[in-house]
Amino acid sequence: MSRSIQSRPPARLILAAIAVLALAFGGAPSRAQTSATASSPLTLQQAFVQAWERQPEARALAQRRDASQALRQAAQAWTPEPAALEASVRSDRFNARQDARELEFGVAVPLWLPGERRRTQDLADALARGTDAQALLAQWHLAQILRDAWWTLRRDQEELAAADTRWQASQRLSADVARRVKAGELSKADQHQADGAAATAQGEYAQLRAKALASEQSLRALLGVALDAPLQVAEDAEAEPASDAAGLPHPQLQSLQAKSLAAKSAAALARVQSRGNPELTLLQTRERAARGEANSGSVTIGLRFPLGSSDKHRAAIANAGAEQIEAEVAAEREQERLQASVRSARAALSAARTVLATSSERARLAEESRSFFDKSFRLGETDLPTRLRVELEAATAQREQARARIEVHHAIATLRQALGLLPGQP
């Protein structure tokens, strides 16, 4: 047996060394992130909250809501635009020089068209709902990325643990063969076969260790956890959704429905904005005909009312109508696609459970066979190639069982994703 195999440190120390070696690739975590990961294993719901706080959509959400609130307030104003002040001076100083002059000042107030104010308020409300719907859609997309990264890491960790178990078992078998070779019970060729099997197990462990490390780095980058901070994911899984969970509104549909409602409101507003806004003007005039004459004043009340409509108005109506039709048709197609996704996810979950049941039975039988052949090998009733084959079959069965167990949890997460459920949402 080679010295590198005999002196292999325990798996716990190796995993600790992996975390230390990974420190070169991370950034500084916040105090809340460090305390959350250090105190207890991180749950998927906690990871989702932590990842969402880092997203650009989350950072800009408050500003977008402020913009929506400003639109609502503008729609509730008494005038569609702020009032305007007017002032003018007329004098004959540069021609007749009779010292005639006229001062005029006043205010022009835009007026709402009939039904325009209510339609503007409807559009502002629709845009505000669209802001929340877009935020929810961004959370749903983030949940997909997080779930994939989460269960990929869990699967790689389970496979790494199974590979470590196989490595330890191959070491014990190699040590037993070495002892029996010294006793003259087995040949040197048997020693080579046992050492070769141990070396193969060691190489497989190294590959899976690198794979698990890469998965951990992906999750750390998503959560913003630095490499000098511990990251331990919880072993709990998401609950399987109830059979009637399909009736819940899906974020994808909510986004399209909000877009359709906004387009419908924009079309309704465009129809009433068939012309420019009328203006009410109030003017105060002070004038003097010539030098020495008394000043006189007057008050003028006027109404400016644009006539007719323009091609720009017709284009606005057509564009709004097109967006409404596009959003409605897209919502119908998306509903069909989501229903198909849910059916596929349920079928995948059922298949994953079947695979778990069969792999568990295979792992049980392989473990029993390994126990039988280990005893017979010690008694000299079984040759080494058969013993190595049985050991490999048992290790493979354990690894497939571990993978199947994680795949069931991942299938549940995929079903929840298809139903539009976020992590932690019942």
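This is a short conversation about reading a few features of a predicted model.

Student: Where do I begin with a chain like this? How many helices and strands does the protein chain have?

Tutor: Start with the overall plan. This predicted model has 10 helices and 4 strands in its protein chain. Following the sequence, the pattern reads α-α-α-α-α-β-β-α-α-α-β-β-α-α.

Student: And what share of the 426 residues in the protein chain is buried?

Tutor: Buried residues account for 39% of the 426. You can also look at the surface: the protein chain exposes about 24000 Å², and carbon and sulfur atoms supply 55% of that area.

Student: Contacts confuse me. Which residues account for the contacts in the protein chain with a separation of 6 or more?

Tutor: Look at how far apart the partners are in sequence. Among contacts with a separation of 6 or more, 82% come from residues 24 or more positions apart.

Student: Could we try one residue? Is R155 buried or exposed?

Tutor: Compare the relative accessibility with the cut-off: buried means under 20%. R155 counts as buried because its relative accessibility is 18%.

Student: Where does R155 lie, and what does R155 touch?

Tutor: R155 lies in helix α6, which covers residues 116–182. Leaving out residues up to four places away in sequence, R155 touches K211, R403, I406 and E407. There is also a polar contact of 3.4 Å between the side chains of R155 and D156.

Student: Now rings. How many aromatic pairs does the structure hold?

Tutor: The structure holds 1 aromatic pair. Its members are W167 and Y205, with 5.0 Å from centre to centre and 45 degrees between the planes, so the pair is tilted, since planes under 30 degrees apart would count as stacked and over 60 as edge-to-face. The pair links distant parts of the chain: W167 belongs to helix α6 and Y205 to helix α7 (residues 188–223), 38 residues apart.

Student: Why do W167 and Y205 count as buried?

Tutor: Use the same cut-off of under 20%. W167 counts as buried because its relative accessibility is 4%, and Y205 counts as buried because its value is 2%.

Student: Can a ring have a charge over it too? Which ring does the charged end of R117 sit over?

Tutor: For this feature, find the charged end and then the ring centre. The charged end of R117 sits over the ring of W78, 5.2 Å from the centre of that ring. In another case, the charged end of R180 sits over the ring of F377, 4.5 Å from the ring centre.

Technical notes
Residues numbered from 1 in each chain as written. Predicted model: local features only at pLDDT ≥ 70, side-chain atom pairs only at ≥ 80, totals over all residues. Heavy atoms only, no water. Helix = DSSP H or I, 4+ residues; strand = E, 2+ residues; numbered from the N terminus. Buried < 20%, exposed > 50% of the residue type's maximum accessible area, 1.4 Å probe, protein only. Polar contact = N/O pair within 3.5 Å; in protein donor to acceptor, adjacent residues only side chain to side chain. Contact = heavy atoms within 4.5 Å. Areas by Shrake-Rupley, 256 points an atom, 1.4 Å probe, with all protein chains shown as cover. Phe/Tyr/Trp six-rings, centres within 6.5 Å; stacked < 30°, edge-to-face > 60°. Lys NZ or Arg CZ within 6 Å of the ring centre and 35° of its normal.
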